[in-house]
Amino acid sequence: MVHIYQKAASAVLILGAIASAARVVVNWDVGYVQVDRDGHSPRRAVGVNGALPIPPVIATKGDTLVINVHNSLDVTTSIHAHGLFQNGTSFMDGPAMATQCGIPPGHNFTYEYEADHAGTFWLHGHDHHQNSDGLRTPLVVRERMDPYHYEAEYVLSLEDWYQFEFATRLKNSLDPTQVFPPPPNYPYALFNGYPAAPKFQFKPGKTYRFRILNMSTTEWFQFNLPGHQMRVIEADGEYSQPSAVDGLDMGPGQRYSVLVTAHPTDSHNYYYNTTLYAIFDPKLEGRNPRYYQGLIEYREGAPIMPTTEPANFKWVNDVELCSLDGNPPLPVDRQIDLTVGLSLFTTGQTFNIINNITYAQPLIPSLYSTLSLDAPLYTNEAVYGPQTHALVLKHLESIELLIKNPSVLLHPMHLHGHAFQIIELGSLVNQSEPVLRYSEKCNAPMKRDTFVIPVDHYAKLRFRADNPGVWLLHCHMDVHFGMGMALTFFEAPDVLRQHQKVPDSMLELCHVQGIRTKGNGAGNAGVDLTGLPPPPTLKA
């Protein structure tokens, strides 16, 4: 099997035959780079080894990933493997002040964990929202025995690229002296880190796997391949039964794999289409949406086959997908009701909220609190701090999240440490709109780790608390996350304490910054939260 990362207009072979379990080692010097990635906006960004884009990381299930990080920034940094469950290694998950202290400037740290889950993932910064400034790249973990047959695969990462650094955009959103929301910024699309849609080469009769990732900060991507049928076989590292679609519509953080079989002859070439758009910003010709075309080349110089959109164009629908594992819906031991949105506070600022709480980092990593507090204190949600938004889960209980979105913006909600079953999607306001439920024909709800909650809709998502750790649930629109749309699951803390120990090298990251590694969310004993800033107050 051939594995190809499409770079600019040429294909580069990156891995061939699958070998036995190996150590996949990458060395990342994370630092500032001056770039003009889109050809329109020279700016400072966050790169690796003095460059952007960052090469993709390719591994095979069972391999050990080793990411040696040196921080050449002037602020802390951390790396998250988006979609890997980190079962047994929750301390390696990456989100700063949830599972670790950020890596200080001038310091080194090595992430090391098993790639125990095959699929399409990505590595990205999880401190100071450096993901938005370029610290992101695909992570592909291949199966040793793939359930689907294909001759070759392409990886296509899609990014939105803004004129301004993320810190500036977040500051504008939180500045009470400025109009809210701030004027829209219209980003450009990047394809595998470059501004031009790449060329994909097809050979007649061959079947190709496309791994398509939306690694964007804020915006959505649509992808379709006229004249060809796409069969969805994976979403966010979870295999589906094959589902024929005409197009993909992807929120930030979401990934799909599709199979495409080439035509039997090379008489024509074709175009594929990609659209970058934001329904929450005003439409502006040439800027929102932005349209891009790339070439599917069967033969150099062959004429382009004219195509028309099917009369009944079918976009992928996650609720209709069936999981290949055949697992039925989980029973519900506990339902957790969550309402997402944004509200004005007495500070004059608008924050994003979940159940009227806007997230803020505690003073010590939440995981370290769980591991250091005495029983039964570690089951007391209040000790983790009022803005950590702690929810304690019992070991192996089946959780149903009922997420309601009555706001004017849609939200791609990402759960660390798990993939959830997609049970139901319905309207909060339109009683005549049909409720979408998982297919009872297959009785195997699709799973994924990032699901979009549309405006004025709710979703029911289920997972089993079988992965002890501290896991964030947050909106993967980085501005919304930065404005507080997040909470923290403290899963099976009693079991976690018995089986996981934070490496000394991780604790040292805190010590050199004067950050405590024991105590509650304020780093104190018991229920004394002195030192934590008071949470903001909702404006009546």
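This is a guided tour of a predicted model, one selection at a time.

**Before you start**

Residue numbers count from 1 along each chain as its sequence is written. Local features need pLDDT of at least 70 and side-chain atom pairs count only at pLDDT 80 or more, while totals for chains, interfaces and linings use all residues, and side-chain values use heavy atoms, with hydrogens and water left out.

**Stop 1: the largest pocket**

Select His 128, His 129, Phe 166, Leu 170 and Gly 482. The largest pocket has a volume of about 720 Å³. Of its 39 lining residues, those five are the closest to its centre. A pocket here is an open set of points on a 1 Å grid over the protein atoms alone, where a 1.4 Å probe fits, with protein on both sides within 12 Å along at least five of seven lines; lining residues have an atom within 4 Å of a point. The volume is the space filled by probe spheres set on the points, which are joined across faces, edges and corners.

Now colour by element. Strand 4 (43-48), strand 9 (119-125), helix 1 (166-174), strand 32 (469-475) and helix 3 (478-482) each give at least two residues to this lining. Helix 1 has the largest share, 5 residues. Helices (H or I, at least four residues) and strands (E, at least two) are DSSP runs, numbered from the N terminus.

Then colour by class. The lining holds 18 nonpolar, 14 polar and 7 charged residues. Nonpolar covers Ala, Val, Leu, Ile, Met, Phe, Trp, Tyr, Cys and Pro; charged covers Asp, Glu, Lys and Arg; the others, Gly among them, are polar.

**Stop 2: the second largest pocket**

Select Ser 173, Pro 181, Pro 182, Asp 281 and Val 479. The second largest pocket has a volume of about 600 Å³. It is lined by 23 residues, and the five selected are the closest to its centre. Helix 1 and helix 3 are the elements that give two or more residues to this lining. Which element gives the largest share of the lining of the second largest pocket? Helix 1 does, with 4 residues. By class, the lining divides into 14 nonpolar, 7 polar and 2 charged.

**Stop 3: an open sheet**

Show strands 5, 10, 9 and 7. These 4 strands form an open sheet in the order 5-10-9-7, with mixed pairing. Strand 5 (57-60) and strand 7 (79-82) are the edges, each pairing on one side only. From one strand to the next, the twist averages 20 degrees. It is taken from axes, lines fitted to C-alpha atoms, with angles from 0 to 180 degrees between N-to-C directions.

Zoom to strands 7 and 9. They run antiparallel and are joined by 4 bridges. Two strands pair if DSSP finds at least two bridges between them. His 80 has His 124 in strand 9 as its bridge partner.

**Stop 4: strand 16 and its neighbours**

Select 230-235. In strand 16, 5 of the 6 residues are buried, so the strand is largely enclosed by the rest of the structure. Buried means under 20% relative accessible area, exposed over 50%, and partly exposed in between (1.4 Å probe, protein chains only).

Strand 16 pairs antiparallel with strand 17 over 5 bridges. Another 5 bridges join strand 16 to strand 19 (residues 255-261), also antiparallel. Arg 231 has a bridge partner in each: Ala 244 in strand 17 and Leu 259 in strand 19. The hairpin of strands 16 and 17 has 2 residues between the strands, and Asp 236 there takes a positive phi near 55 degrees.

**Stop 5: aromatic pairs**

Show the rings. The whole structure has 19 aromatic pairs. Rings of Phe, Tyr and Trp (its six-membered ring) pair if their centres lie within 6.5 Å; planes under 30 degrees apart count as stacked, over 60 as edge-to-face, the rest as tilted.

Select Tyr 148 and Tyr 239. Their centres are 6.2 Å apart and their planes at 50 degrees, so the pair is tilted. Tyr 148 sits in the loop between strand 10 (136-142) and strand 11 (152-161), and Tyr 239 in strand 17 (residues 238-245), 91 residues apart. Tyr 148 is buried, at 13% relative accessible area. Tyr 239 is buried at 13% too.

Next, select Phe 200 and Tyr 272. This pair is tilted, 5.3 Å centre to centre, with 45 degrees between the planes. Phe 200 is in strand 13 (residues 200-201) and Tyr 272 in strand 20 (residues 270-277), so the pair ties together parts 72 residues apart in sequence. Phe 200 and Tyr 272 are buried. Widen the selection: ring pairs link a cluster that includes Tyr 154, Phe 202 and Tyr 298 along with these two.

**Last stop: His 511**

Select His 511, in helix 5 (residues 504-511). Its relative accessible area is 43%, so His 511 is partly exposed. Add Cys 101: the two are 410 residues apart in sequence and 9.2 Å apart in space, C-alpha to C-alpha.
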